Amino acid sequence: MITFHSETTKARRARTELDGGRLVAPYECPERVDLVLARIQASGLGEVRAPGDYGLAPVLAIHDRDYVDFLAGCWEAWQAAGRQGEAIAWVWPTRTMPGRRIPAHIDGRLGHYALGADTSICEGTFEAAMASKDVALAAVDHLLATGEPAFGLCRPPGHHAATDQFGGYCFFNNAAIAAQRALDAGHARVAVLDIDFHHGNGTQQIFYARDDVLFLSLHGDPLHCFPHFLGHAEEGGEGAGEGFNVNYPLPPGTGFSAWAEALEDALVRIREAGCELLVVSLGVDTFEGDPISAFRLASDDFLEVGRRLARLGLPTVFLLEGGYAVEEIGVNVVNVLAGFEGRG
């Protein structure tokens with residue numbers, strides 16, 4: 001399987017993350033990319049290629065222009081305000097202050113566009129996000145041109161990024177951008193299957209009222225798990241999209257057997273919906289050793305995940321989302337891809 005990767009995805013090297021009341025080194029780090037690449041090379045999975053530069057047009061097909069402009073200029077505006085650390089939101093348009101106007105000051109703009117205080121913006125963030133969506137687009141273009149599956153080694157991840165909101169380490173929604181690319185190429189309906197531990201709130205928001213994308217997400221119950229405010233089972237889409245959003249919230253401690261039951265139901269729904277292409281938001285933070293997640297999948301289980309996805313028989317592209325047990329991330333990612341190809 002071809003892997004697409006850009007060294008520019010490592011341009012974002014944040015120093016701070018708010019975790020449990022402490023500022024810590026972020027779990028989402030450039031070393032994740034190196035560990036996945038090392039495992040790809042050691043396993044002989046296939047060639048690694050660099051993507052082309054796709055520019056902003058595919059981003060603007062999904063994301064609000066003002067939001068994109070904010071991301072492009074945030075670091076410079078933060079520095080111009082005289083700040084010494086990284087840009088972290090600390091005030092939001094909450095339920096009692098709905099925020100009908102976007103503030104001019106960088107503090108207010110951060111709060112307007114941020115999902116939470118978990119994700120800082122630092123030097124290189126915009127460049128890395130641009131490279132990450134290029135990786136996703138190159139992978140889906142390879143699939144469209146050849147029919148062969150591909151893996152996009154995306155970093156930063158994307159599934160928490162909404163139309164005009166960042167957070168959960170995500171800035172541009174790579175899976176949504178890839179799905180739109182496939183639709184623009186002539187596919188009538190695309191499935192986006194999110195198997196990251198955390199709910200893909202951004203992908204849900206982007207496609208919630210559409211019936212050309214079937215979004216399905218297996219994730220930790222938002223009553224207990226980030227992002228908390230979206231991802232419940234009753235969220236089924238609205239308007240034209242009614243029935244095209246499917247959530248599988250699962251309790252902390254879920255093991256492979258129960259998780260795989262949800263996966264099988266999702267695969268049935270993809271078949272019944274007549275989807276022509278599959279985008280997999282490949283998070284491996286369902287791993288039992290992940291430091292910020294709460295499922296119990298073992299490394300060998302990821303081989304079976306790949307096998308089950310292959311049985312669907314659809315043209316498939318895999319895009320990296322989460323997975324923060326850095327010692328095992330390469331093993332777990334490659335196990336999914338190898339299982340899909342019938343190896344292992």
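At what angle do the axes of helix α1 (residues 31-43) and helix α10 (residues 329-340) cross, and within what distance do they come? In this predicted model, the two axes cross at roughly 55° and come within 8 Å. That angle makes α1 oblique to α10, and the crossing in which α1 passes α10 is right-handed. On the α1 side the contact is made by R32, L35, V36, R39, I40 and S43, while α10 contributes I329, G330, V331, V333 and V334.

Helix α10 also meets α9. The axes of α9 and α10 come within 6 Å and cross at roughly 35°, and this crossing, too, is right-handed. The residues of α9 that make the contact are S299, D300, F302, L303, G306, R307, L309 and A310, and they meet V331, N332, N335, V336, A338, G339 and F340 of α10. V331 thus appears in the contact with α1 and again in the contact with α9.

From α9 the path leads to helix α8, since α9 (299-311) is among the elements against which the buried residues of α8 pack. Helix α8 covers residues 256-272, and its 17 residues reach 24 Å from the first C-alpha to the last, close to the 24 Å expected at 1.5 Å a residue. The buried residues of this helix are F256, W259, A260, A262, L263, A266, L267 and I270. Viewed down the axis of α8, these buried residues fall within an arc of 155°, so they line one face of the helix. The spacing can be read against the geometry of helices in general: an α-helix has 3.6 residues a turn, so residues three or four places apart point the same way. On the other side of α8, S257, E261 and E272 are exposed. Besides α9, the buried residues of α8 pack against four strands, namely β6 (190-194), β7 (213-220), β8 (245-250) and β9 (277-282). After α8 comes G274, whose phi is positive, near 70°.

A further helix to consider is α4 (residues 106-113), which is mostly covered, with 6 of its 8 residues buried. Those buried residues are I106, D107, G108, L110, G111 and Y113, and what covers them includes α3 (65-80).

Helix α5 (residues 125-146) contains L144, a residue that counts as partly exposed because its relative accessibility is 29%, which falls between the cut-offs of 20% for buried and 50% for exposed. Leaving aside neighbours within four places in sequence, L144 is in contact with R181, A182, A185, H187 and L277. L144 and G46, by comparison, are 98 residues apart in sequence and 18 Å apart in space, C-alpha to C-alpha. G52, in the loop between β4 (48-49) and α2 (57-60), is likewise partly exposed, with a relative accessible area of 41%. Between G52 and H219 there are 32 Å in space, C-alpha to C-alpha, and the two are 167 residues apart in sequence.

The loops hold several features of the backbone that deserve attention, because most residues other than glycine have a negative phi, and most peptide bonds are trans. In the loop between β5 (150-152) and α6 (174-184) lies P156, and the peptide bond that leads from R155 to P156 is cis, with omega near 10°. Y169 is found in the loop between β5 and α6 as well, and its phi is near 75°, a positive value in a residue other than glycine. With a relative accessible area of 7%, Y169 is buried.

The loop between β7 and β8 likewise holds a proline and a residue with positive phi: P227 is found there, joined to F226 by a cis peptide bond with omega of about 10°, and H228 is found in that loop too. Phi of H228 is near 75°, again a positive value in a residue other than glycine. Is H228 buried, exposed or partly exposed? H228 is partly exposed, with a relative accessible area of 34%, whereas Y169 is buried.

Notes:
Residues are numbered from 1 along each chain as its sequence is written. This is a predicted model: local features need pLDDT of at least 70, side-chain atom pairs count only at pLDDT 80 or more; totals for chains, interfaces and linings use all residues. Side-chain values use heavy atoms; hydrogens and water are left out. Helices (H or I, at least four residues) and strands (E, at least two) are DSSP runs, numbered from the N terminus. The expected span of a helix is 1.5 Å times one less than its number of residues. Buried means under 20% relative accessible area, exposed over 50%, partly exposed in between (1.4 Å probe, protein chains only). The arc is that of the directions from the helix axis to the C-beta atoms. Contact means heavy atoms within 4.5 Å. Axes are lines fitted to C-alpha atoms, for helices over the stretch in contact, and angles run from 0 to 180 degrees between N-to-C directions. Angles under 35 degrees count as roughly parallel, over 145 as roughly antiparallel, 65 to 115 as roughly perpendicular and the rest as oblique. A crossing is left-handed if the near helix is turned anticlockwise from the far one by less than a right angle, and right-handed if clockwise.
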